[in-house]
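Subject: Structure handover

Hello,

Here is the structure I promised to pass on. Please load it before you read further.

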Amino acid sequence: MKSLAHLSDDTVQMLEASLPEKLAFIRTSHLFTYPAFDHILRDLQDLVRFPRTTKPECRAVIADSDNGKTTLTRRFLANNPVVLDEAGYPINKVLWVETPPSADERRLYSSILEALEITHRPDAPPARLDALVQQELAAQQTTVLILDELHAMLNSPARQQKQFMAALKRLSNVRSLSIVACGTVDIARALAIDSQFVSRFTRLALPRWQANETFLQLLTSFETKMPLPQPSKLNAPDKAMEIFMSSDGTIGSVQKITMRAAEAALKKNSPNITFKILQEVCQSYRRGQLVPGPPPSGV
């Protein structure tokens, strides 16, 4: 019997599945891990455990688009699910909120209340919404607020930006709330609006990939989720360089290329991803003609 050591246990079970089932399996979001990702995840988890202070520590998670930020925040949320206390009231230690597209204090409060699933009037006075937000954050024992795409508020006039950041700092102070600001490098400009508030933020980056040993390990981990009976050896120098040179250095690009290559191999009834198959997929990707299909979720 041929060795299937290149596959994970759940992938081995898919070898006898139908082609549609195999394709669906490949397109399913699979967990991946690498040093920078694990380091940030551990650091964020520490924020949940830190004793509450009047000036709590905060984090700025910086990543280019399609480079793992969404997967990171989803994993963090999954590690801190909402639970019910003895009275059946939700305990929500970590709350995710998408930053409003404009630096509007009222919309910030409304977005938080929506995330907490609290019925409210979005057009209520900011002071009333602020009081309701503080009341609910206290009741649900929220200690970490994730603000995704914080750099979006830079589209607003400077005066609104200052008011928005002042409201966020006040909320952090009053509720001893650790803020995790996620977004592109423009986050630095957004946080710099308040010179005192920005000092609380430690920057954590998900850098673009380099052609090194860690990249080869990533390719190996992807291959374990491809139901192909023979090793594709994506970490071989020629294949690894083809993938690296065709991607833009983001994990999303790498995942799309390897996923489409696995799909192409299955459709051609090839036992593995040959260099020819990989090259065809990479050429299509570079031309922007990658065969349409659902993107890897969560990247």
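Below is what turned up in it, taken topic by topic.

First, a caution: the model is predicted.

**Sheet**

There is an open sheet of five strands. Its order is β4-β5-β6-β1-β7, and the pairing is parallel. Which strands sit at the edges? They are β4 (94–98) and β7 (201–206), and each of these pairs on one side only. On average, neighbouring strands of the sheet are turned by 20 degrees against each other, direction ignored.

One pairing in detail: β5 covers residues 144–148 and β6 covers residues 178–183. These two strands run parallel and share five bridges. L145 faces I179, which belongs to β6.

**Helix α6**

Helix α6 spans residues 126–139, which makes 14 residues. From first C-alpha to last, α6 reaches 20 Å. That is close to the 20 Å expected at 1.5 Å a residue. The buried residues in α6 are L129, D130, V133, Q134, E136 and L137. What do the buried residues of α6 pack against? Their partners are β4, α5 and α7. So strand β4 turns up twice: as an edge strand of the sheet, and as a packing partner of α6. After α6 comes Q141, with a positive phi near 55 degrees.

**Salt bridges**

How many salt bridges does the structure hold? The count is 16. Three pairs are worth a look, plus one network.

- R170 and E105: their side chains form a salt bridge, at 3.0 Å from N to O. R170 is in helix α7 (residues 158–175) and E105 is in helix α5 (residues 105–115), so the bridge ties together parts that are 65 residues apart in sequence. R170 is partly exposed, with a relative accessible area of 33%. E105 is also partly exposed, at 23%. Both helices of this pair, α5 and α7, are packing partners of the buried residues of α6.
- E57 and R59: this salt bridge is also 3.0 Å, N to O. Is R59 buried or exposed? R59 counts as buried, because its relative accessibility is 4% and the limit for buried is under 20%. E57 is partly exposed, at 39%.
- R121 and D123: the closest N and O atoms of this salt bridge are 3.2 Å apart. R121 has 52% relative accessibility, and D123 has 51%. Exposed means over 50%, so both residues qualify.

The network consists of R27, R260 and E263, joined by salt bridges that share partners.

**N80**

Where is N80? It sits in the loop between α4 (69–79) and β2 (83–84). Although in a loop, N80 is buried, with a relative accessible area of 10%. A polar atom of the N80 side chain lies 2.9 Å from the backbone oxygen of F76. Leaving aside residues up to four places away in sequence, N80 touches Q45, V48 and V94. One of these, V94, falls within the range of edge strand β4 (94–98).

**Recap**

Keep these in mind when you open the model. The sheet has five strands, paired in parallel. Buried residues of α6 pack against β4, α5 and α7. R170 and E105 bridge helices α7 and α5. N80 is buried and touches V94.

Best wishes

Definitions and conventions. Residues are numbered from 1 along each chain as its sequence is written. This is a predicted model: local features need pLDDT of at least 70, side-chain atom pairs count only at pLDDT 80 or more; totals for chains, interfaces and linings use all residues. Side-chain values use heavy atoms; hydrogens and water are left out. A salt bridge is a side-chain nitrogen of Lys or Arg within 4 Å of a carboxyl oxygen of Asp or Glu. Buried means under 20% relative accessible area, exposed over 50%, partly exposed in between (1.4 Å probe, protein chains only). Helices (H or I, at least four residues) and strands (E, at least two) are DSSP runs, numbered from the N terminus. Two strands pair if DSSP finds at least two bridges between them. Axes are lines fitted to C-alpha atoms, for helices over the stretch in contact, and angles run from 0 to 180 degrees between N-to-C directions. A polar contact is a pair of N or O atoms within 3.5 Å; within protein, one must be able to donate a hydrogen and the other to accept it, and residues adjacent in sequence count only if both atoms are side-chain atoms. Contact means heavy atoms within 4.5 Å. The expected span of a helix is 1.5 Å times one less than its number of residues.
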